[in-house]
Structure formats: C-alpha cells, structure tokens
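Thanks for coming. Please have the sequence and the model on your screens while I talk.

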Amino acid sequence: MFTLDDLRNLLGARPFVPFRLWLSDGGHVDAVSRELVFPGRRFALIGLLDPGAPDMAFDRYATVWYLHVTRCEMLSAGAPPFSPPSGPSEAPSPTRT
C-alpha cells in the first residue's frame with residue numbers, strides 16, 4: 001500500500017522528477033512540482049495547474065487518499081543518481097612539465 005513515507009521519498013528526490021499517481025478508480029493525478037504537493041497523514045492535496053497560465057499558482061486541487069493509490073509512474077527520466085555531471089569537466093587536467 002502507498003504511504004506517506006512513499007510520497008515523502010518521491011518529493012525528496014534530488015533532482016525532483018515529476019510523477020503520476022494512478023488511483024483505484026482508474027484516474028490519475030500528476031505532481032509536476034514538489035511545491036504543489038501538500039502531504040497529510042492519510043491523504044495529500046495536489047495543486048492542479050492551468051495549462052494556459054504562465055505561473056505556478058493554482059486554483060484547483062485534487063485530494064489523493066493514499067489508500068486509493070495503485071501505482072506511481074515517473075513522468076520524466078531525470079539523471080541517474082550518483083552519475084557524473086554531463087559536459088566538460090571543471091576539474092583542472094594534470095599537465096606534464
């Protein structure tokens with residue numbers, strides 16, 4: 001069963017990866033930012049963004065009872081944990097004299 005600790009683990013991921021919670025009624029709720037998720041002991045409130053709005057303010061929210069979460073799906077891959085940064089290295093390269 002999905003729990004508050006499961007939600008805290010998803011929200012605490014660095015970097016944050018957006019996720020989808022699938023519910024027992026077949027519906028789902030997307031968490032696109034950790035700032036829009038408000039965990040409670042038995043349920044969470046998740047802010048629903050207006051796709052046409054340029055900001056992160058929300059007017060609607062979904063109440064997600066942990067009891068009804070059937071699975072979690074990550075919406076974007078993100079960087080693997082403990083992977084080296086991409087791009088040129090900032091460490092100085094050794095030179096021979």
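Start with Phe43, which is partly exposed, with a relative accessible area of 30%. Its ring forms an aromatic pair with Trp65: the centres are 4.8 Å apart and the planes stand at 50°, a tilted arrangement. Phe43 belongs to strand 4 and Trp65 to strand 5, so the pair ties together parts that are 22 residues apart in sequence. Trp65 has a relative accessibility of 42%, so Trp65 also counts as partly exposed. I should say that this is a predicted model.

The structure holds four aromatic pairs. Another of them is Phe2 with Tyr66, and here the ring centres are 6.0 Å apart with the planes at 55°, so this pair is tilted. What does it connect? Phe2 sits in the segment before helix 1, while Tyr66 sits in the loop between strand 5 and strand 6 (69-74), so parts 64 residues apart in sequence are tied together. Are these two buried or exposed? Phe2 has a relative accessibility of 10% and counts as buried. Tyr66 is buried too, at 4%.

Now the sheet. Three strands make an open sheet in the order 3-4-5, with antiparallel pairing. Which strands stand at the edges? They are strand 3 (37-39) and strand 5 (58-65); each has a single partner strand, so one side of each is left without a neighbour in the sheet. On average, neighbouring strands here are turned by 20° against each other, ignoring direction. Strand 3 pairs with strand 4, residues 43-49, over three bridges in the antiparallel sense. Find Phe38, and you will see that its bridge partner in strand 4 is Leu45. Helix 1 packs on this sheet and touches strand 3 and strand 4, with its direction at about 145° to that of strand 3.

Stay with helix 1 for a moment. Leu4, Leu7, Leu10 and Leu11 are buried in it. Looking down the helix axis, the buried residues fall within an arc of 120°, so they line one face of the helix. What covers them includes strand 1, strand 3, strand 4 and strand 6.

Helix 1 also holds a salt bridge between Arg8 and Asp5. The closest N and O atoms are 3.8 Å apart, and the cut-off is 4 Å, so the pair counts. Arg8 and Asp5 are three residues apart in the helix, which means about one helical turn separates them. Asp5 is partly exposed, at 48% relative accessibility.

How many salt bridges are there by this rule? The count comes to two. Arg20 and Asp30 form one of them, with the closest N and O atoms 2.6 Å apart. Arg20 lies in strand 1 and Asp30 in strand 2 (residues 28-31), so the pair ties together parts 10 residues apart in sequence. Arg20 is buried at 18% relative accessibility, whereas Asp30 is partly exposed at 26%.

Last, Phe16. Where does this residue sit? It is in the loop between helix 1 (4-11) and strand 1 (19-23). Phe16 has a relative accessibility of 18%, so it counts as buried. Leaving aside neighbours within four places in sequence, Phe16 is in contact with Leu10, Leu11, Ala31, Val32, Ser33 and Arg34. Leu10 and Leu11 are among the buried residues of helix 1 that I named earlier. As for Val32, that residue is 16 residues from Phe16 in sequence and 9.0 Å away in space, C-alpha to C-alpha.

Methods:
Residues are numbered from 1 along each chain as its sequence is written. This is a predicted model: local features need pLDDT of at least 70, side-chain atom pairs count only at pLDDT 80 or more; totals for chains, interfaces and linings use all residues. Side-chain values use heavy atoms; hydrogens and water are left out. Helices (H or I, at least four residues) and strands (E, at least two) are DSSP runs, numbered from the N terminus. Buried means under 20% relative accessible area, exposed over 50%, partly exposed in between (1.4 Å probe, protein chains only). Contact means heavy atoms within 4.5 Å. Two strands pair if DSSP finds at least two bridges between them. Axes are lines fitted to C-alpha atoms, for helices over the stretch in contact, and angles run from 0 to 180 degrees between N-to-C directions. Rings of Phe, Tyr and Trp (its six-membered ring) pair if their centres lie within 6.5 Å; planes under 30 degrees apart count as stacked, over 60 as edge-to-face and the rest as tilted. The arc is that of the directions from the helix axis to the C-beta atoms. A salt bridge is a side-chain nitrogen of Lys or Arg within 4 Å of a carboxyl oxygen of Asp or Glu.
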